[in-house]
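Happy to look at this one with you. Let's ask how each label is earned.

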Amino acid sequence: MQDWQHSVIYQIYPKSFHSHAGNATGDLLGIVDKLDYLKWLGVDYLWITPFLRSPQRDNGYDISDYYAIDPSYGTMADCDLLISEAAKRGIKLMLDIVVNHTSIEHAWFQQARSSLDNPYRDFYIWRDQPNNWESKFGGSAWEYEAQTGQYFLHLFDHTQADLNWDNPKVRAEVFKMMRFWRDKGVGGFRLDVINLISKPADFPEDNTDGRRFYTDGPNVHQYLQEMHREVFAGHDLINVGEMSSTRLEHCVRYSRPESKELSMTFNFHHLKVDYPNLQKWVRADFDFQQLKRIFSDWQLGMQAGGGWNALFWCNHDQPRVVSRFGDDGEYRVASAKMLATALHFLQGTPFVYQGEELGMTNPGFDRIEQYRDVETLNIYRLKRDAGESEVGNMAAIMQKSRDNGRTPMQWNTDANAGFSRGEPWIGIPVNAAQINVQSQLDDPESVLHYYRALIAMRRVEPLILEGVYRPLLAEHAQVWAYLREGQGERLLVLNNFYGTPCQIELPREVIGETTEQRLLISNYPDCPARTTQVSLRPYESFVLHLTD
Ligand code: TEU
């Protein structure tokens, strides 16, 4: 094990974290203001989503200058201050690097679009005719550029043009930029949709949306090994790849140390168990059995292959987990703690998304005017124009929109939940008065104190890092149970995922009459010693250290 594997990473969406300047959006000095809170929480790295210069069409994932701070977030001096002030607190920055595509306002694209023989033309992907691939944000993945009469590829919005990674000049420019940020003192990188960078040379037509051809593409491992040699080797950096629609065997290759590619990988399969027939924009309940099976398959597969998981429930693209897989009503606190326990005792590195440590919920925005996300607005228009009812359209958007996770961080009961003195860029849930940092700091039974205890535990319980994952009761209809096994000792992790009590029977070899039990954590105040017959209360979750 390496030291970074004891770490917990906190994700900040700076637009919604805290505004020092009192603007509609958050800023870098707003993060500096909150470093003491983050130190108290115990996190080791801050993954900050993009704050480089951008027209903000996709909230910063459309970069127009990799060497400049977007003025809405502050200045380079603010960024240097953030890096140094975080370092004083033993916290490192993980920069979010978006290099599958740039904004069409980037100088490279402005050059490329100007003429067919411009030296930057081959920085992007051009064809005389589009194929039938689809953008992940809806519609065609190709946009006509009238100036030169060709189409360019955009797997995301039409203002986000895909870079041509087969061009060695593109790779050289990307690696140079990453070395610039490495040498400024960042502690690592989160690599946006990095498994999409290698496209097949012939761009074949597809009977679906084309993703099977460009996902984990032909040269992706070669390019990441080159990135490792050019940027990471010899430096103390940790790097996580966001792997869209990926496969287990690739994530083993991306993250096992001997590959010399990345430290760990995000995959999203567990966050599609409420996508009926893989259709995101349908309101649907989640499939608990599928959720358990996916987690167990990935735990067993990555463990067997020597890979390392990035563990998460929430991020800036996902709804709030307590609304999605827990209960944001009567059992909000218990279910938020249960979900945290289920995740933090797995093999891998946990990520905590801003507000997740409070049990923040989806905002329940029921009017399209309340939404800001380009994907959400694109899908709303496409479905409305295709005849979808307003009720059906909004029901899916309320459950699935990325804006569910983008409402401002709830700090206290001041105006705008203490996020900013100014009117925020997006609304704030009405429950902010009850769910906020200040109210939970004063409550030792809060979700916040529970997360703090989980984060601290990772440094003192070796089995959390080293224990072998073994699923239990795989077919149980409402309980996810698993072990993390060592020599003569193990952690037993039990999670009731529903608001109804239940009884389970554990195998005798797990907990016998003479087994020594030590309670590590529980989301109920009283947690009696257990036998093989275990009763679980609504959303009850606890972890026992067991020694034979
Ligand atoms: O996300 C890529 C991604 O897989 C999700 O955006 C998903 O495709 C989308 O929600 C459709 O379901 C990364 C960033 O996290 C996201 O914020 C950016 O919009 C996207 O890449 C493009 O850079």
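What follows is a short round of questions and answers.

This is a predicted model in which local features need pLDDT of at least 70, side-chain atom pairs count only at pLDDT 80 or more, and totals for chains, interfaces and linings use all residues. Residues are numbered from 1 along each chain as its sequence is written, and side-chain values use heavy atoms, with hydrogens and water left out.

Q: Why is the chain called as compact as a globular protein of its length?
A: The globule rule (2.2 Å times the number of residues to the power 0.38) is set against the radius of gyration, taken over C-alpha atoms. For 548 residues the rule gives 24 Å and the chain has 23 Å, which is close, so the label fits. Its C-alpha trace spans about 80 × 55 × 50 Å along the principal axes.

Q: How do you know that the span of helix 3 agrees with its number of residues?
A: Helices are DSSP runs of H or I with at least four residues, numbered from the N terminus. The expected span is 1.5 Å times one less than the number of residues. For the 13 residues of helix 3 (residues 76-88) that gives 18 Å, and the end C-alpha atoms are 19 Å apart, which agrees.

Q: Which residues of helix 3 are buried, and what covers them?
A: Buried means under 20% relative accessible area (1.4 Å probe, protein chains only). Asp 78, Cys 79, Leu 82, Ile 83, Glu 85 and Ala 86 are the buried ones. Their cover includes helix 1 (28-33), strand 4 (65-69) and helix 5 (168-183).

Q: What is the phi of Gly 90, which follows helix 3?
A: The phi of Gly 90 is positive, near 70 degrees.

Definitions and conventions:
Helices (H or I, at least four residues) and strands (E, at least two) are DSSP runs, numbered from the N terminus. Buried means under 20% relative accessible area, exposed over 50%, partly exposed in between (1.4 Å probe, protein chains only). Contact means heavy atoms within 4.5 Å.
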